Amino acid sequence: VFAGNRAAVVQIETRGPEGSGYGSGFVVRRDGYVLTNHHVVHAGGPLDRFAPEVRVYWDRAVGRPPQRARVVRWARREEPEAIDLALLKVDGNDYPAVRCTPLSLVREKDPVLALGYPLPHLTGRPTDAGAEEAIGTSGIIEKFDRFANGRVRAVWTSARINPGNSGGPCFDQKTGGVIGLN
């Protein structure tokens, strides 16, 4: 799962007057759409205020230069229907994209792999170096948190999530598809 998807997992860096921030994301469409968490690109204050500079860095092994990205859609709601999503767009085409696995195909105790880019200070690299390589942590699906109508609200896993992995994909290791965001 790691080798087949690492080219579609990206590090996201934001810069603005408030400072810089890091997170992860993943390409969901070959024409440059990247999914991440809203809080990764949010600049504080009103929910529609985003960091003025958003850059996407590819895994070093991919060999793509960093690219500017823009937020094209977002959703953020608090409990009870918590949503924390942002859709970014990078220019160009022909990007490797992940595929998704319907939650109806996965079960508790299925193996998962969470991919992302830990914060630079955790890896010992300089903050202006860009992405080194995505790091994966394995675990299992522990439980599904459901709404009263049975719809899945969250997938709880035992995979360790490092600071900076927010917005990265969580893969079902049996099907190789994304089942959620870190």
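The following exercises work through one sheet of a predicted model.

**Exercise 1.** Determine in which order the five strands of the open sheet lie, and which strands stand at the edges.

*Solution.* Begin with the order, which reads β9-β8-β7-β10-β11 across the sheet, with antiparallel pairing. Next, look at the two ends of that order: β9 (152-157) and β11 (178-181) each have a single partner strand, so one side of each is left without a neighbour in the sheet. Finally, consider the twist: with direction ignored, neighbouring strands of this sheet are turned by 40 degrees against each other on average.

**Exercise 2.** Work out how many bridges join β7 to β8 and how many join β7 to β10, and find a bridge partner in each case.

*Solution.* Strand β7 (residues 111-116) runs antiparallel to strand β8 (residues 135-146), and six bridges join the two; within this pair, alanine 114 has threonine 137 of β8 as its bridge partner. Turning to β10, three bridges join this strand to β7, again in an antiparallel arrangement, and here leucine 113 is partnered by phenylalanine 171 of β10.

**Exercise 3.** Decide whether the residues on the two faces of β10 are buried or exposed, and then follow the chain into β11.

*Solution.* In a regular strand the side chains alternate between the two faces of the sheet. In β10 (residues 169-172), Pro169 and Phe171 lie on one side, Cys170 and Asp172 lie on the other, and all are buried, which leaves both faces covered. The hairpin of β10 and β11 has five residues between the strands, and glycine 176 takes a positive phi near 80 degrees there. The two strands run antiparallel and are joined by three bridges, with glycine 180 of β11 as the bridge partner of cysteine 170.

Terms used: Residues numbered from 1 in each chain as written. Predicted model: local features only at pLDDT ≥ 70, side-chain atom pairs only at ≥ 80, totals over all residues. Heavy atoms only, no water. Pairing = 2+ DSSP bridges. Helix = DSSP H or I, 4+ residues; strand = E, 2+ residues; numbered from the N terminus. Axes fitted to C-alpha atoms, helices over the stretch in contact; angles between N-to-C directions. Buried < 20%, exposed > 50% of the residue type's maximum accessible area, 1.4 Å probe, protein only.
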